[in-house]
Amino acid sequence: MAAIWGYLKEQEWRLYKKRRQRRLNNMDFTVISSNCIGTIMYHDLGLPYRTPTVNLTISMRDLVKMAGRLRWYMAQELIECAPEEGLKCPAAWLGDVRVNFVHYNSFAEAVKKWGERKKRINWDCIVLTGAERDDCDYEVLQAFDQLPWPNKVVFTRVDYPEFSSSFHIQGFEDQPELGMVLGYRPQLLKRRYMDDFDYVAFLNKTVRTGRIGVE
């Protein structure tokens, strides 16, 4: 019985993702993300990665800094550095922004993929995504909300009605930071915590970013 239910659950999950794919009207966008949230969006929607921020982490503080001068940072070379304490993945400086390539086997592989995907950036449809984790305090959330990019969302552990870019993911209110939103909720149907956010509707409503970020 458990095997049958497991099969049905996976089939429902597959159909759920197919419905999302059919709803999507905007097929050409670039997600600049602090973690793998953007990666999962592309993957579940069956789209190629049109961003270099895939399978890596950037602190929210550094993401805000990078987004403030995005074109300048995208023109910089990756300089290999020692991994952060507790991490064993390749790491690099992009200007003064640290990038942790958590799902890459080598720095050479990370540089190759970064370069390939950087060429696919759609500067006319930039989307920023972040999460209230690690060094993300109230000041960082405020700075993120004030960035000139119109298409942005940061997932938070509690509600911040004063920030139009924040989206409260329920279930982490008693924790010091937002938990793993890419994990699955303990419920009947297979759903990630991040699925609380209708990112298809969000992507369909994106506006042109034009020359934002040009120095």
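In this predicted model, strand 3 (residues 91-94) pairs with strand 4 in the antiparallel sense. The pairing runs over 4 bridges. Within it, A91 stands opposite N100 of strand 4.

These two strands belong to an open sheet of 3 strands. The strand order is 2-3-4, and the pairing is antiparallel. Strand 2 (78-81) and strand 4 (97-100) occupy the edges. Each of these edge strands has a single partner strand, so one side of each is left without a neighbour in the sheet. From one strand to the next, the twist averages 35 degrees.

A helix packs against this sheet through contacts with its strands. Helix 5 (residues 107-118) lies across strand 2, strand 3 and strand 4. Relative to strand 2, helix 5 runs at about 160 degrees.

The cysteines were examined next. A disulfide requires two cysteine sulfur atoms within 2.5 Å. By this rule, the count of disulfides is 0. For C36, the closest cysteine sulfur is that of C89. The separation is 11 Å, so the two sulfurs are too far apart for a bond.

Burial was assessed for two cysteines. The cut-off for a buried residue is under 20% relative accessible area. C36 has a relative accessible area of 12% and is therefore buried. C125 has 6% relative accessibility, so C125 also counts as buried.

Terms used. Residues are numbered from 1 along each chain as its sequence is written. This is a predicted model: local features need pLDDT of at least 70, side-chain atom pairs count only at pLDDT 80 or more; totals for chains, interfaces and linings use all residues. Side-chain values use heavy atoms; hydrogens and water are left out. Two strands pair if DSSP finds at least two bridges between them. Axes are lines fitted to C-alpha atoms, for helices over the stretch in contact, and angles run from 0 to 180 degrees between N-to-C directions. Contact means heavy atoms within 4.5 Å. Buried means under 20% relative accessible area, exposed over 50%, partly exposed in between (1.4 Å probe, protein chains only).
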